[in-house]
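Please walk me through this structure as a tour in the viewer. At each stop, tell me what to select and what is there.

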Amino acid sequence: MRILKFVWSWFDDITGVSGWLIPLAKHPVPHARKSAWFYVLGSATLVVFVVQIVTGIALASAYVPSAGQAYHTLVFIDSTRFGHIVRGIHDFGASAMVILIGVHAIRVYLFGAYKYPRQMGWLTGVALLFLTLGMAFTGQLLRWDQTGVWTVVIAAEQAGRTPFIGNWLGHFILVGDTAGGATLSRFFALHVFFIPAFIFFFVGFHLYLVIRNGISEPPKAGRPVEPRTYRKWYAELLHRDGVPFWPDAAWRDGVFALLVIATIVLLAIVIGPTTLGKPPNPSIIEASPRPDWYFLWYYAVLTLIPRWSENYVIILGPLLLVIILVLLPLVAYKGERSPLKRPWAFAIVAFIVFMIAYFGRVGHVAPWSPRMGAPPLPASVVGVTSGPIADGAKIFHDKGCEFCHKISGYGGIRGPDLTYAGDRMTKEQMETRIYSGGANMPSYNGNITDQQLADLLMFLSSRRRKPITATSRNFPTN
Amino acid sequence: MSTDLMQVPEVKPCEQTRRHFLSRLTIAFGAITGGIVAIPCVAFLLGLRKVPSVWRTVGKLEDFQIGSTVNVSFVDPSPLPWAGVTALTAAWLRRESADLFIAFSVDCTHLGCPVRWLQKANLFMCPCHGGVFYANGTVAAGPPPRPLTKYPVRVQNGEVQILTSPLPITG
């Protein structure tokens, strides 16, 4: 014991660790009282980031970042019991980090904690938010299965919409003419070296700013931030009503971090990581690439916007988001912090959360995607097994109609449901539609024989609630 | 750390100029040091490997029936040794007549997803956003802004060959 004490005092004398570490740990923070649990989100994000580093290093010990072999190493990692769990932790950890950094940003926004003197805290946080999304995107690619490869192609095509440099940028993302050997190595370096280096820098800067400017006090309606007097007022507040960060505030961080990490590990064990898709072979064309949940809402938005605006939204949308987030603390740096005095702040947050949840849901269902695996309609739906109606049902499948139009629960939802088409349309209306097509429907003029068309019309006309003739209504617009 | 270590003695005017010069010099040397390392690194990262297009055989002439559209694949020109299956590229190939072939890129011109040929419907359909193309590659429906990209294709010594091309990027 005496030796340990001696070693410690020798170490401390030549390093001075206790001289800055102890005051740092015990620095006063505002007594947050009822709001105290709102202050655990940032530290939890950092703890999950550390978990990502640890599990990432473990995975990198077996992962081979080679376009031809990465998939096989992932299959191997999944085949081991703990490898499966570690990949699960890294996978759920990624989701947790995206959620936590998002909720942390919302908390800071609602509490007006980005105002003077903490503007740079917000700006470094914005950088960390985008870096985290960059990690989520590149991480999804490193799961180098079929979706991984096609995601790179889609990213290259999106970047291709940039004016002037689009073509170069697209091939820069691919690292060559096509997705191939060089592509994965670049994304691996981004995911494992480049982006983490920036995250380390910004986390360090962010934490330095937290110490320098102090943790924001819980906002109170009618107590606006006045930059000229704020620092003096804040120093007095700490002096009057502060508590030491360690352990008065830190214990909550510890409890919350444990809860978060325990949940991640439990999910990794019970559910496991995202299942690997088919091998990353670009010549297997049976592929339906979808982004992971973090970008599903964006995928949905890009699909649903008017077509003429696509080029603008792909490039200007993310740029506008960055500009708004950067301008926020520079423009609204003083005044009321309390969300009670900033009701639009609630409205904006509610709008963003609703957008992400709603469009995420829409992106998950992807009603615009044809259901190309839809089986031919069974006899129970068609009603007969031979004759023109049965032939028409077969044509309905063969000509691809069913991939976009649902009948009695079978088929896609890109176009209108045709379960009761016979009630809504006359044969003539149907024929016109089939011949002329529409914005999202191909014209079958010259692509269908008279006999096939006659059978198809017989079949569609037979789709009725009641087998008697009903009055036809307007043809729905597509 | 104690602040007295940071104290510098009073400065004489001649020292001022010297220190000014030395600080400029240090910054300049630092920039040069960084530059001579950064320039080759950035140039390496920005540089894309250019490979000339080559004709790749995708099958024998007699393997293809007139009128039918089939999925073929070929190896990229000069693939990196570790590329594995990613060195492959797929195309849709149709034999129009005895010696006329037409080859389409599988990449939808909307966002690059692989389109599928629906044999009985005589259409190409994209699973991502429902883009549809007619048999001749022109847009039939949905978001694609341009017809499917075509690959040059030729018949040489009884073999059908496709000229490799970079991924078509719709600007």
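The tour below goes from the domains to the contact between the chains, then to single residues, the sheets and the cores.

**Stop 1: the domains**

Keep in mind throughout that this is a predicted model. Start by colouring chain A by domain: domain 1 covers residues 26-365, and domain 2 covers residues 379-461. Taken over C-alpha atoms, the centres of these two domains of chain A are separated by 46 Å. Now do likewise for chain B, where domain 1 is 3-46 and domain 2 is 55-163. In chain B the C-alpha centres of domain 1 and domain 2 are 58 Å apart.

**Stop 2: where chain A touches chain B**

Select the residues at which the chains meet: 56 residues of chain A are in contact with 46 residues of chain B. On the chain A side, the elements that give two or more residues are α7 (146-159), α8 (166-174), α9 (181-213) and α17 (401-404). Which of them gives the most to this side? The answer is α7(A), with 7 residues. Colour the chain A side by residue type, and you should find 25 nonpolar, 24 polar and 7 charged residues.

**Stop 3: two cis peptide bonds in chain A**

Show the backbone as sticks and go to Y116(A) and P117(A). The peptide bond from Y116(A) to P117(A) is cis, with omega near 0°. P117(A) sits in the loop between α5 (81-110) and α6 (119-142) of chain A.

Next, select W246(A) and P247(A). The peptide bond between them is also cis, and its omega is near 5°. Is P247(A) in a helix or in a loop? P247(A) lies in helix α11 of chain A, which spans residues 245-270.

**Stop 4: positive phi in chain A**

Select F164(A), in the loop between α7 and α8 of chain A. Phi of F164(A) is near 65°, a positive value in a residue other than glycine. Is F164(A) buried or exposed? F164(A) counts as exposed because it has 8 C-beta neighbours inside 10 Å, and the cut-off for exposed is 12 or fewer.

Move on to S408(A), which is in the loop between α17 and α18 (421-424) of chain A. S408(A) is not a glycine, yet its phi is positive, at about 50°. S408(A) has 16 C-beta neighbours inside 10 Å, so it counts as partly exposed.

**Stop 5: the sheet β2-β3-β4-β9 of chain B**

Switch to chain B and show the strands as ribbons. Four strands form an open sheet in the order β2-β3-β4-β9, with antiparallel pairing. The edges are β2 (69-75) and β9 (150-151) of chain B; each has a single partner strand, so one side of each is left without a neighbour in the sheet. Zoom in on β4 (residues 101-105) and β9(B): 2 bridges join these antiparallel strands. One residue to label here is A103(B), whose bridge partner in β9(B) is Y151(B).

**Stop 6: the sheet β5-β6-β7-β8 of chain B**

Another open sheet in chain B has 4 strands in the order β5-β6-β7-β8, and the pairing is antiparallel. Its edge strands are β5 (116-118) and β8 (139-141), each pairing on one side only. From one strand to the next, the twist averages 35°. Inside this sheet, select β6 (residues 123-125) and β7 (residues 132-134) of chain B, which run antiparallel and are joined by 3 bridges. L123(B) stands opposite Y134(B) in β7(B).

**Stop 7: a hairpin in chain B**

Select β10 (residues 153-156) and β11 (residues 159-163) of chain B, an antiparallel pair with 4 bridges. V155(B) stands opposite V160(B) in β11(B). The two strands form a hairpin with 2 residues between them. N157(B), in the turn, has a positive phi of about 50°.

**Stop 8: the nonpolar cores**

Finish with the largest nonpolar core, which has 123 residues. The residues with the most contacts inside this core are V48(A), A91(B) and A103(B). Its largest share, 12 residues, comes from α5(A). Centre the view on A91(B): leaving out residues up to four places away in sequence, A91(B) touches V72(B), A103(B), F104(B), S105(B), V106(B), Y151(B) and I162(B). Apart from the largest core lies another core, of 5 residues, including L296(A), W297(A), Y299(A) and L302(A).

Conventions:
Residues numbered from 1 in each chain as written. Chains lettered and ligands numbered in written order. Predicted model: local features only at pLDDT ≥ 70, side-chain atom pairs only at ≥ 80, totals over all residues. Contact = placed C-beta atoms within 7 Å. Nonpolar A, V, L, I, M, F, W, Y, C, P; charged D, E, K, R; others polar. Pairing = 2+ DSSP bridges. Axes fitted to C-alpha atoms, helices over the stretch in contact; angles between N-to-C directions. Buried ≥ 20, exposed ≤ 12 C-beta atoms within 10 Å, placed from the backbone. Core = buried A, V, L, I, M, F, W, Y, C linked by C-beta atoms within 7 Å. Domains from an automatic or database assignment.
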